[in-house]
Amino acid sequence: MTQPISVYSSPEMVQYLSQGYDISADFLKKKEIKAAIEEIAGFLEDDCDDLDLILSLENLYSAIGEVEEAICVLHQSILASDHPVSVIRRARHYEKCSEKKEATDEFRFLLSQNTNTQPIRERCALLASGLMDDSLGFVRRWEELRQKEREKSFIMGRNLIFPDDESNSILRDLSFKEHILGIELLLKYEVTDGLIEEVMALLSDMERYAENSIRMITLAGKKDGMDSIYPLFSHAAAFCSGARSQTKKLMKGKGLIIDPKEIETAKNALDTLSCQETGMHIAKKITEGLLFHKKFENGLLAELRTLTPGNDDPIITTLCMFLDDELGTDGEELIEQLIADNPKNFILQKKIFESLIEQDRKKDASAYAATIPEGIIPREDLLDLKLVELMDEEQYDEALTLLLENQEELNSNSHSMRLFEYAIQQYEVDFFSRLIPFFESNRMDRQVWLLKGIVQIMNQDIKRGLHCIDQAVRSGYPKADAMLVSARYMTRSGYGKRAVGICEKLLKMDGKPEAEVYPVLADAYTALGKEREASAVREKIQDL
């Protein structure tokens with residue numbers, strides 16, 4: 001089984017996932033941590049002041065007991081070393097190493113700073129007071145911060161981003177580790193004002209972070225292949241595991257008063273995190289079995305079912321992430337077995353259909369839809385597919401008929417615009433006449449005016465036709481495009497001289513490339529019987 005060397009799929013992924021190591025580092029295997037350290041250290045060589053990378057390394061070194069390395073990395077950059085979070089973490093490492101003087105010096109450095117205009121320093125000074133066993137100082141700073149937050153909330157009005165039980169969080173501005181430390185200190189000093197808000201805010205942030213990081217990992221896998229993000233499944237699962245552990249610990253905190261609503265919220269968060277963790281373990285097994293071709297003793301499906309006994313839904317949901325990859329015969333057999341064993345779960349069939357559409361495999365999607373029970377794929381999706389197939393096969397009359405007969409379900413601008421582009425390339429007044437009412441009903445004024453202008457020109461009413469085209473431009477249709485369309489139809493209607501004039505104006509403008517204007521100009525000259533001029537223009541086309 002071969003696996004990718006890189007832990008991360010991109011530097012951006014490192015930047016985002018680094019925040020999670022506050023929670024996940026202690027739940028990763030040692031070999032996973034060392035692989036991450038090696039890669040992050042390489043990124044840090046390119047940007048030695050990146051605080052996220054520095055704190056990531058500190059977390060990872062600390063998780064494997066390399067405290068001296070953790071302290072060293074926090075000193076690595078002059079800019080980052082004075083950051084209040086770096087100072088707090090160094091001080092805590094010194095305390096663990098029984099280096100009391102060094103720890104005290106770090107805390108005093110924080111407390112000596114002017115923190116009034118720097119929220120992070122204010123909050124870290126609060127933590128420093130608590131860690132130095134200054135209960136009076138800690139409580140005083142906490143009350144001052146709470147008062148500031150109340151005043152800010154009063155000035156700004158109700159917080160619209162976070163729910164009421166989280167909106168006044170003081171510690172939310174800090175990293176996860178310092179947020180947790182702050183809650184532990186509130187419990188230690190029996191401070192109840194704002195305590196539950198901090199616990200619920202942390203819970204919400206961990207749940208949101210897990211969801212967003214899994215989304216980022218999945219998107220990266222869809223872009224580069226799921227095998228490219230294989231190591232990250234373990235990292236995401238470790239965060240979920242750590243977040244669950246932390247939630248359970250905090251909810252048992254002495255002095256924490258929780259009402260039934262908050263208990264229910266916590267239970268839901270724990271359930272969500274558990275499902276997300278299981279999903280990442282499933283994703284890891286699927287990658288091993290289908291992409292790295294690892295053989296399991298009782299087969300891949302049996303191995304997956306050990307993670308979700310009696311419930312295939314998480315397996316089906318996770319497998320949907322992999323449908324854009326080449327899963328081979330083993331993958332097809334796995335899908336068939338899951339569908340056969342779960343006749344009431346249609347998620348997989350829907351996702352297979354959607355995946356085929358996304359891969360632009362429309363014929364395969366249509367054929368697949370015909371093999372599954374009616375009603376699983378929404379009717380509008382099937383109509384949409386049929387419409388695209390008709391246009392791909394250049395059966396535009398049939399496509400327009402389908403569109404007009406199913407306007408409510410196929411009210412798609414992209415499809416109607418494709419029919420519009422086809423229409424203006426043709427010279428079929430009947431087609432225009434059928435298309436105009438559709439555009440009118442959808443208030444697509446610029447297209448309506450242009451088509452009406454074309455119809456008038458084709459009916460030899462040049463004045464009214466040009467007026468309609470001018471109205472199209474006033475409604476937002478690009479002027480150069482409108483001029484080129486009018487020139488084409490002028491030629492078709494026997495007004496070649498006018499078409500030549502329009503093309504000459506276009507060539508003096510910046511709106512249209514010569515390669516688009518010259519063919520129309522050549523046709524106009526031909527219509528006027530001026531073959532020499534037409535040939536000269538066509539030669540220019542060859543020279544482009």
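# A friendly look inside a predicted model

Let's start with one cysteine: Cys503 has a relative accessibility of 0%, so this residue counts as buried. Keep in mind that everything described here comes from a predicted model. Another cysteine, Cys468, has a relative accessibility of 6% and counts as buried too. If you are wondering about cysteine pairs, a search of the whole structure finds zero disulfides.

## The nonpolar cores

In soluble globular proteins, nonpolar side chains tend to be buried together. With that in mind, here is what this model shows. The largest nonpolar core holds 114 residues. Which of its residues touch the most other members? They are Tyr8, Leu60, Ile88, Leu319 and Phe322. Helix α12, which covers residues 195-224, gives this core its largest share, 12 residues. There is also a second, separate core of 55 residues, and among its members are Tyr396, Ala399, Ile462 and Ala482.

Ile88 is a good residue to click on in the viewer. Leaving aside neighbours within four places in sequence, Ile88 is in contact with Phe107, Leu110, Cys124, Leu127, Ala128, Leu131, Glu178 and Leu181.

Next, try Arg92, which lies in helix α7, residues 84-96. With residues up to four places away in sequence left out, Arg92 touches Leu131, Lys177 and Leu181. Leu131 and Leu181 also appear among the contacts of Ile88. Is Arg92 buried, exposed or partly exposed? Its relative accessible area is 24%, so Arg92 counts as partly exposed. The cut-offs that matter here are under 20% for buried and over 50% for exposed.

## A buried alanine in a loop

Ala25 sits in the loop between α2 and α3, where α3 spans residues 30-46. Is this loop residue buried or exposed? Ala25 has a relative accessible area of 3%, and because buried means under 20%, it is buried. Its contacts, apart from neighbours within four places in sequence, are Ile33, Asn59, Leu60 and Ala63. Leu60 is worth a second look: it is 35 residues from Ala25 along the chain, yet their C-alpha atoms are separated by 5.7 Å. Leu60 is also one of the residues that touch the most other members of the largest core.

## An enclosed space

Rolling a probe the size of a water molecule over the atoms shows where empty space is left. How many cavities of 30 Å³ or more does the structure hold? It holds one. The largest cavity contains about 80 Å³ of space.

You can find this cavity by selecting the residues that line it: Leu17, Gly20, Tyr21, Ser24, Tyr209, Ser213, Ile217, Leu232, His235, Ala236 and Phe239. What kinds of residues are these? Seven are nonpolar, four are polar and none is charged. At least two lining residues come from each of α2 (21-24), α12 and α13 (230-251). The largest share, four residues, belongs to α13. Helix α12 has already appeared in this report, as the helix with the largest share of the largest core.

## Two unusual backbone angles

Most residues other than glycine have a negative phi. Two residues in this model have a positive value instead. The phi of Asp133 is near 60°, while the phi of Glu190 is near 55°. Asp133 is in the loop between α9 (119-131) and α10 (135-156). Glu190 is in the loop between α11 (176-188) and α12.

## Comparing accessibility

Asp133 and Glu190 can be set beside two further residues. Asn311 lies in the loop between α15 (300-305) and α16 (313-319), and Glu358 is in helix α18, residues 347-358.

| Residue | Relative accessible area | Class |
|---|---|---|
| Asp133 | 56% | exposed |
| Glu190 | 69% | exposed |
| Asn311 | 34% | partly exposed |
| Glu358 | 57% | exposed |

## Sequence and space

Finally, a few pairs let you compare separation along the chain with separation in space. Asn311 and Asn342 are 31 residues apart along the chain, and 9.6 Å separates their C-alpha atoms. For Arg92 and Gln15, the separation is 77 residues in sequence and 24 Å from C-alpha to C-alpha. Glu358 and Ile214 are 144 residues apart along the chain, with their C-alpha atoms separated by 21 Å. Try finding each pair in the structure above.

Notes
Residues are numbered from 1 along each chain as its sequence is written. This is a predicted model: local features need pLDDT of at least 70, side-chain atom pairs count only at pLDDT 80 or more; totals for chains, interfaces and linings use all residues. Side-chain values use heavy atoms; hydrogens and water are left out. A nonpolar core is a set of buried Ala, Val, Leu, Ile, Met, Phe, Trp, Tyr and Cys residues joined through side-chain atoms within 4.5 Å. Buried means under 20% relative accessible area, exposed over 50%, partly exposed in between (1.4 Å probe, protein chains only). Contact means heavy atoms within 4.5 Å. On a 1 Å grid over the protein atoms alone, a cavity is a set of points where a 1.4 Å probe fits but cannot get out, and a pocket is an open set with protein on both sides within 12 Å along at least five of seven lines; lining residues have an atom within 4 Å of a point. Grid points are joined across faces, edges and corners, and a volume is the space filled by probe spheres set on the points. Ala, Val, Leu, Ile, Met, Phe, Trp, Tyr, Cys and Pro count as nonpolar, Asp, Glu, Lys and Arg as charged, and the others, Gly among them, as polar. A disulfide is a pair of cysteine sulfur atoms within 2.5 Å.
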